[in-house]
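Visitor: Could you take a close look at the salt bridges with me? I would like one connected account.

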Amino acid sequence: MTQTITPLIAGNWKMNGLRQSLLEVEKLAAKLTAGEPPRCTVALCPPATLINAMNRIAAPAGIVLGGQDCSAEASGAHTGDLSAPMLADAGAQMVIVGHSERRADHGETDEMVRQKAIAALTSGLTPIICVGETRAQREAGEADAVVSRQLAASVPDQAAEHDVVIAYEPVWAIGTGLTPTSADIAQMHKSLRDQLISRFGGRGEGMRLLYGGSLKPGNAKEILAIANVNGGLVGGASLLADDFTAIIWAV
Ligand code: PGA
């Protein structure tokens, strides 16, 4: 069943990117349209300031855009926040929620992440819900328990009827050049898949499970071939068209 899932390679630009960075997206779009179509959905999650302008370059090349976070509220007195309807209005079709940097920098809890995922679904956006353990939690043998708890509490019941994506991102692998062994990734993704199936039945079989954390051209082929890895969430390597396309072609 998992073989029928169309993989997703999503780039997370984090707090990087000015208008001049659109040149890199032009390069990416040219590469993706020059040869055979990619065997995956390709998405970019730039800073929200670039979504609208980037979409004009990305959409004709089949690249989907996403936000990096959204408020749980649709509108109102929340200075500095962005709502899911705003992201959708700007051209986004997806939104990352619960990234470990937001959990750490903004104290986002599983419950807040769940509310954000609901807001995304309500606006027709596909949430990319992030989970992952810290180095200390892995060393204490708690990785499985922590990630299971995050999955159970961050994924809303509404996922039973809508498209949601789960990204397993070990916090210690993000931006460090470190990655878990293939066996560890396989084991975690199998456990995530089993939990999704036991909660959502057939729906859980089809949900995309991304791996994220130092995914690079050099390790993409091996990691993306692991069972139950249906694509990747790519930080640093998504900023350069050459690196990002190398990962896309590795699918
Ligand atoms: P990285 O980031 O690829 O730079 O490790 C991944 C992420 O945080 O989504």
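Visitor: Does Asp 184 count as buried, partly exposed or exposed, and at what relative accessibility?

Guide: Happy to help! This is a predicted model, in which local features need pLDDT of at least 70 and side-chain atom pairs count only at pLDDT 80 or more, while totals for chains, interfaces and linings use all residues. Residues are numbered from 1 along each chain as its sequence is written, and side-chain values use heavy atoms, with hydrogens and water left out.

Asp 184 counts as partly exposed, at 27% relative accessibility (buried means under 20% relative accessible area, exposed over 50%, partly exposed in between, with a 1.4 Å probe and protein chains only). Its side chain meets that of Arg 138 in a salt bridge, at 3.5 Å from N to O (a side-chain nitrogen of Lys or Arg within 4 Å of a carboxyl oxygen of Asp or Glu). Arg 138 lies in helix H6 (residues 135-139) and Asp 184 in helix H8 (residues 182-200), so the pair ties together parts that are 46 residues apart in sequence. Helices (H or I, at least four residues) and strands (E, at least two) are DSSP runs, numbered from the N terminus.

Asp 163 and Arg 208 also form a salt bridge, with their closest N and O atoms 3.9 Å apart. Here Asp 163 sits in the loop between helix H7 (143-154) and strand E6 (165-168), and Arg 208 belongs to strand E7 (residues 208-212), 45 residues apart. Asp 163 is partly exposed at 37%, whereas Arg 208 is buried at 11%.

Asp 69, Arg 102, Glu 108 and Lys 116 are joined into one network by salt bridges that share partners. By this rule, the count comes to 15 salt bridges.
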